[in-house]
Amino acid sequence: QVQLVESGGGLVQAGGSLRLSCSASGSIFEINAMGWYRQAPGKQRELVAGIGSRGSTNYADSVKGRFTISRDNGKNTVYLQMNSLKPEDTAVYYCNVVVRHWLGGTLADYWGQGTQVTVSS
């Protein structure tokens, strides 16, 4: 099993910044992809940003140029730096990691508990 601990959410005014962190622990041989998703009330969960094992990144169009995803492999941690926040960024943000539990094992994905980000206008 893998445990994910998220932190960094909160309330911020429009134009402000927040940094989310998500640390993974447990039965991990290697972490493949890591990412952040969000879900606003009444909407489906959507991908915000993802980062591969070699550092390749992808972003939702709505956050390009404002959000930056990064990872620290030594700490099994993924970050999401969010700048120029807008009220429409308000959502619960979920961390997702894809891991192998042992060499040659299949990939398995895990989700964090979610952290609330609220952007006031």
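Which residue of β6 stands opposite Ile 51? Thr 57 does, and you will meet this pair again in Figure 2.

This is a predicted model, in which local features need pLDDT of at least 70 and side-chain atom pairs count only at pLDDT 80 or more, while totals for chains, interfaces and linings use all residues. Residues are numbered from 1 along each chain as its sequence is written, and side-chain values use heavy atoms, with hydrogens and water left out.

**Figure 1. The whole protein contains eleven strands and zero helices.** Helices (H or I, at least four residues) and strands (E, at least two) are DSSP runs, numbered from the N terminus. Along the principal axes, the C-alpha atoms fill a box of roughly 50 × 25 × 25 Å. The radius of gyration is 14 Å, which agrees with the value near 14 Å for a compact globule of 121 residues; this radius is taken over C-alpha atoms, and the globule rule is 2.2 Å times the number of residues to the power 0.38. Of the 121 residues, 40% count as buried. Here buried means under 20% relative accessible area, exposed means over 50%, and partly exposed lies in between (1.4 Å probe, protein chains only). Contact means heavy atoms within 4.5 Å. Among the contacts with a separation of 6 or more, 55% come from residues 24 or more positions apart.

**Figure 2. Two hairpins follow one another through β4, β5 and β6.** Strands of a sheet pair through backbone hydrogen bonds, either parallel or antiparallel. Two strands count as paired if DSSP finds at least two bridges between them. Strand β4 (residues 30-39) runs antiparallel to strand β5 (residues 46-51), and five bridges join them. Look for Met 34, which stands opposite Ile 51 in β5. Six residues lie between the strands of this hairpin, and Gly 42 in the turn has a positive phi of about 80°. Next, β5 pairs with strand β6 (residues 57-59) over three bridges, again in the antiparallel sense. Here Ile 51 stands opposite Thr 57. In this second hairpin there are five residues between the strands, and Gly 55 in the turn has a positive phi of about 95°.

**Figure 3. Four strands make an open sheet in the order β1-β3-β8-β7.** The pairing in this sheet is antiparallel. β1 (2-7) and β7 (67-72) stand at the edges with a single partner strand each, so one side of each has no neighbour in the sheet. From one strand to the next, the twist averages 15°; the axes behind such angles are lines fitted to C-alpha atoms, for helices over the stretch in contact, and angles run from 0 to 180 degrees between N-to-C directions. Six bridges join β1 to β3, with Leu 4 having Ala 24 as its bridge partner in β3. β3 also pairs with strand β8 (residues 77-82) over six bridges, and Leu 18 stands opposite Met 82 in β8.

**Figure 4. The side chains of β1 alternate between two faces.** Val 2, Leu 4 and Glu 6 point to one face and are buried. Gln 3, Val 5 and Ser 7 point to the other face and are not buried. In a regular strand the side chains alternate between the two faces of the sheet.

**Figure 5. One disulfide joins Cys 22 and Cys 95.** A disulfide is taken as a pair of cysteine sulfur atoms within 2.5 Å, and by this rule the count comes to one. The two sulfur atoms lie 2.1 Å apart. Cys 22 belongs to strand β3 (residues 18-26) and Cys 95 to strand β9 (residues 91-100), so the pair, 73 residues apart, links distant parts of the chain. The link is left-handed, with -80° about the S-S bond. Cys 22 is buried, at a relative accessible area of 1%, and Cys 95 is buried too, at 0%.

**Figure 6. Ser 23 and Asp 89 each make a polar contact through their side chains.** A polar contact is a pair of N or O atoms within 3.5 Å; within protein, one must be able to donate a hydrogen and the other to accept it, and residues adjacent in sequence count only if both atoms are side-chain atoms. Ser 23, in strand β3, is partly exposed with a relative accessible area of 32%. Its side chain meets that of Thr 77 at 2.9 Å. Asp 89 lies in the loop between β8 and β9 and is buried at 1% relative accessibility. The side chains of Asp 89 and Arg 66 are joined by a polar contact of 2.8 Å.
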